[in-house]
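Work through the exercises below with the sequence and the coordinates at hand, and try each task before reading its solution.

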Amino acid sequence: MMVHAEEQSLETVDTGVLVQKAARMKADGWRLVQISCLAKDAYEITYTFDKDYACAHVRVRLPLDAPELPSITGEYFAAFTYENELHDLFGITVKGLALDFGGKFYKLSVPTPFAPKPQQPAK
Amino acid sequence: MSPLSFAKVISRSVLSRPATRLYPFEKRPFFKATRGAVAIEIEKCILCGICQKRCPTDAIIVTKAAGDWQINRLRCISCGACVDACPKKCLRLENAYSPAVVQKGADDKFHQPSKPGMGETQA
Amino acid sequence: MATRTVVPFGPQHPVLPEPIHLDLVLEDEKVVQAIPSIGFIHRGLEKLVEKKDFLEMTYVAERICGICSFIHGQAYCQAVETVMKIDVPERALYLRTIWGEMSRIHSHLLWLGLFADGFGFESLFMHSWRVREKLLDIIEETTGGRVIFGTAKVGGVRRDIENLTLKRIEGELKTIEKMSREMTDVFKNDASVKRRTVGIGVLSKEDAIALGAVGPTLRGSGVAQDMRKLGYAAYPNISWEPVVETGCDCYARCMVRCREVHESFSMIYQAIAKIPDGPVDVKVTGAPSGEYFARVEQPRGEVIYYVKGNGSKNLERFRVRTPTFANVPPLVKMLGGCELADVPVIVLSIDPCISCTER
């Protein structure tokens, strides 16, 4: 018997329309599940939404040298934990965070350890 | 809303024998399947090194030339990957955990009798 | 004009075993705002994919958390199996369900004990853990370990339970169920428990959905959502319903977990009655290539496992979003306006597992 594989949709959008897309999902009744990031030749940020057990992903790509994201905390306040984590672990700048910890959400000894080129620990 | 709803359990605990065991006079018997320390029948070992490749924590070190098989007890997580992988089935997981040590870095070393080593023959 | 003081709560605190740090802004004894901060136990487990191949990552995934260890392993194996399109034998799916539900019962019994300790009812704490010990004996007998099961494997499970053993375990589970019913009745009826939990930490239904709450925190506010309904493992063949309460306070969340314990017992009996014979694993060859998000219901809520492979033995990305991480914004909302003495009870009512949150 096959391990159950649920239907999940994936859509890639531009950073410019990200906030409008989040607003549309919120108006339709989707809830935010998680935000995750893959850092290889570009930053791939995936937003996951859920409604009545259906799952939809929205993906954004950022270049490695200029990682800047608009925040969706205006629509989904709960995103502040994920966006602070993106900043602390990956070094991505998020503009317009409703609750900005300024890099102090995660207490780490090596700043941005998951970025492709992690910075050296503070001496 | 009963303030005495716990009274039945309390009176039973007061009147019956204690639930705890009088260790060290009464030791707890381990089950047959309990995953404890790794033991080896060194005469059967062919020093192939598959257990070293499969160990997720790199706790096993096999030196084929010298005929030694050693395990770092503090790194071993008793997962049993080496036991499943051994082609000669000379490894097994014992019931009891390895005893506590007073210094780090004291590995358990076993010597394969059919190999010469360290200038002396094993009896 | 009341003066404001900032009290740091944690990471060392006698009540909470979890290293979470909260800066509580107080006006006299009322909490005005709570600012969380984590990172005391960050092990960087997601970065280990660069060193360990995808089969060895099962051991890492199991050890992210001690209490929900088996379900972490199961979720990781499900994600990799879906990417590699592996068919898992039916007996393995039923065994995963049985162990998963046992894991849920032991986690809830542990939480009930800690919750009682949180408001000072220590003898109830000891009794809950005493009931849990009997369950841990069954777990050790079938899997080899009390807390870290070590039975999750990509392609099935690592060991089998014989049918005779299953019948005997069913008898023992019935005794444990009777003992745990005595415990949950105390939580339901006792006056001192109600005094400390009713009306504390209120999270309305709209807030719970808007802030992304999961698990019993969401179900205690009246939303019937349980990821086991997605139909993985053997859950489609067992009849059960998500447990929902409408109280929206700490008492409602406690009742959700108490009722879930009994629901899990009935699910285990159904699984034992229906389990088919057959092999318990399949051979796995090759390496994963592709990506997938696996969603599984842990005792604390919905966990999401993201794996991405590119055809080599090492995965490209492994990402876990655990339920406690999603419950941090609702916690911040619940703490606004409460008394200082209620802070431990509210923090405990979301069932925090900080080692899961920070991996």
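## Exercise 1: A helix and its surroundings

In this predicted model, helix H4 (residues 122-143) of chain C has buried residues that pack against helix H1 (7-15) of chain B as well as against H3 and helix H5 (163-189) of chain C.

Task: Determine which residues of H4(C) are buried, what length the helix should span, and which residue follows the helix.

Solution. Begin with burial, for which a residue needs 20 or more other C-beta atoms within 10 Å of its own. In H4(C) the buried residues are C:Leu124, C:His127, C:Ser128, C:Val131, C:Arg132, C:Leu135, C:Ile139, C:Thr142 and C:Thr143. Next, check the length: at 1.5 Å a residue, the 22 residues of H4(C) should span 32 Å, and because the end C-alpha atoms are 31 Å apart, the two values agree. Finally, look just past the helix, where H4(C) is followed by C:Gly144, a residue with a positive phi near 100°.

## Exercise 2: The nonpolar core

Task: Find how many residues the largest nonpolar core has, which helix gives the most to this core, and what C:Leu335 is in contact with.

Solution. The largest nonpolar core has 158 residues, and those with the most contacts inside it are C:Ala79, C:Tyr305, C:Val307 and C:Leu335. The helix that gives the most to this core is H3 (residues 90-118) of chain C, with 14 residues. Taking C:Leu335 and leaving aside its neighbours within four places in sequence, one finds it in contact with C:Val31, C:Ala34, C:Val343 and C:Ile346. As background, nonpolar side chains tend to be buried together in soluble globular proteins.

## Exercise 3: Two open sheets

Task: For the sheet in chain B and the sheet in chain C, give the strand order, and explain why one side of each edge strand is left without a neighbour.

Solution. Start with chain B, where 3 strands in the order E2-E3-E5 form an open sheet with antiparallel pairing. Strand E2 (60-63) and strand E5 (108-111) of chain B each have a single partner strand, so each stands at an edge with one side left without a neighbour in the sheet. Neighbouring strands of this sheet are turned by 15° against each other on average, direction ignored. Within the sheet, E2(B) and strand E3 (residues 68-71) of chain B pair in the antiparallel sense over 4 bridges, and B:Ile61 stands opposite B:Gln70 in E3(B).

Turn then to chain C, whose open sheet has 3 strands in the order E1-E2-E3, with antiparallel pairing. The edges here are strand E1 (4-9) and strand E3 (30-37) of chain C, and since each has a single partner strand, one side of each is left without a neighbour in the sheet. The average turn between neighbouring strands of this sheet is 20°, direction ignored. Strand E2 (residues 21-27) of chain C pairs with E3(C) in the antiparallel sense over 7 bridges, with C:Asp23 standing opposite C:Ile35 in E3(C).

## Exercise 4: Chain A and a hairpin

Task: Describe the fold pattern of chain A, and state whether E2(A) is mostly covered or uncovered.

Solution. Chain A has 2 helices and 6 strands, which follow the pattern β-α-β-β-β-β-α-β along the sequence. Buried residues make up 37% of its 123 residues. Among contacts in chain A between residues at least 6 apart in sequence, 48% join residues at least 24 apart. Now take E2(A), which is mostly covered, with 8 of its 9 residues buried. Antiparallel to E2(A) runs strand E3 (residues 43-51) of chain A, and 8 bridges join the two strands. One partner pair is A:Cys37 with A:Ile45 in E3(A). Between E2(A) and E3(A), which form a hairpin, lie 3 residues.

## Exercise 5: Contacts between chains

Task: Which pair of chains shares the most contacts, and how many residues does each side take to the contact?

Solution. Of the 2 pairs of chains in contact, chains A and C share the most contacts, with 28 residues taken from chain A and 33 residues from chain C. On the side of chain A that touches chain C, strand E2 (31-39) and helix H2 (79-90) of chain A each supply at least two residues, and E2(A) gives the most, with 6 residues. By class, this side has 17 nonpolar, 6 polar and 5 charged residues.

In the other contact, 15 residues of chain B meet 21 residues of chain C, and the side of chain B that touches chain C has 10 nonpolar, 4 polar and 1 charged residues. Chain A and chain B do not touch, their nearest C-alpha atoms being 22 Å apart.

Note on methods: Residues are numbered from 1 along each chain as its sequence is written. Chains are lettered from A and ligands numbered from 1 in the order in which they are written. This is a predicted model: local features need pLDDT of at least 70, side-chain atom pairs count only at pLDDT 80 or more; totals for chains, interfaces and linings use all residues. Two residues are in contact if their C-beta atoms, placed from the backbone, lie within 7 Å. Ala, Val, Leu, Ile, Met, Phe, Trp, Tyr, Cys and Pro count as nonpolar, Asp, Glu, Lys and Arg as charged, and the others, Gly among them, as polar. A residue is buried if 20 or more other C-beta atoms lie within 10 Å of its own, exposed if 12 or fewer, and partly exposed in between; C-beta atoms are placed from the backbone. Two strands pair if DSSP finds at least two bridges between them. Axes are lines fitted to C-alpha atoms, for helices over the stretch in contact, and angles run from 0 to 180 degrees between N-to-C directions. A nonpolar core is a set of buried Ala, Val, Leu, Ile, Met, Phe, Trp, Tyr and Cys residues joined through C-beta atoms within 7 Å. The expected span of a helix is 1.5 Å times one less than its number of residues.
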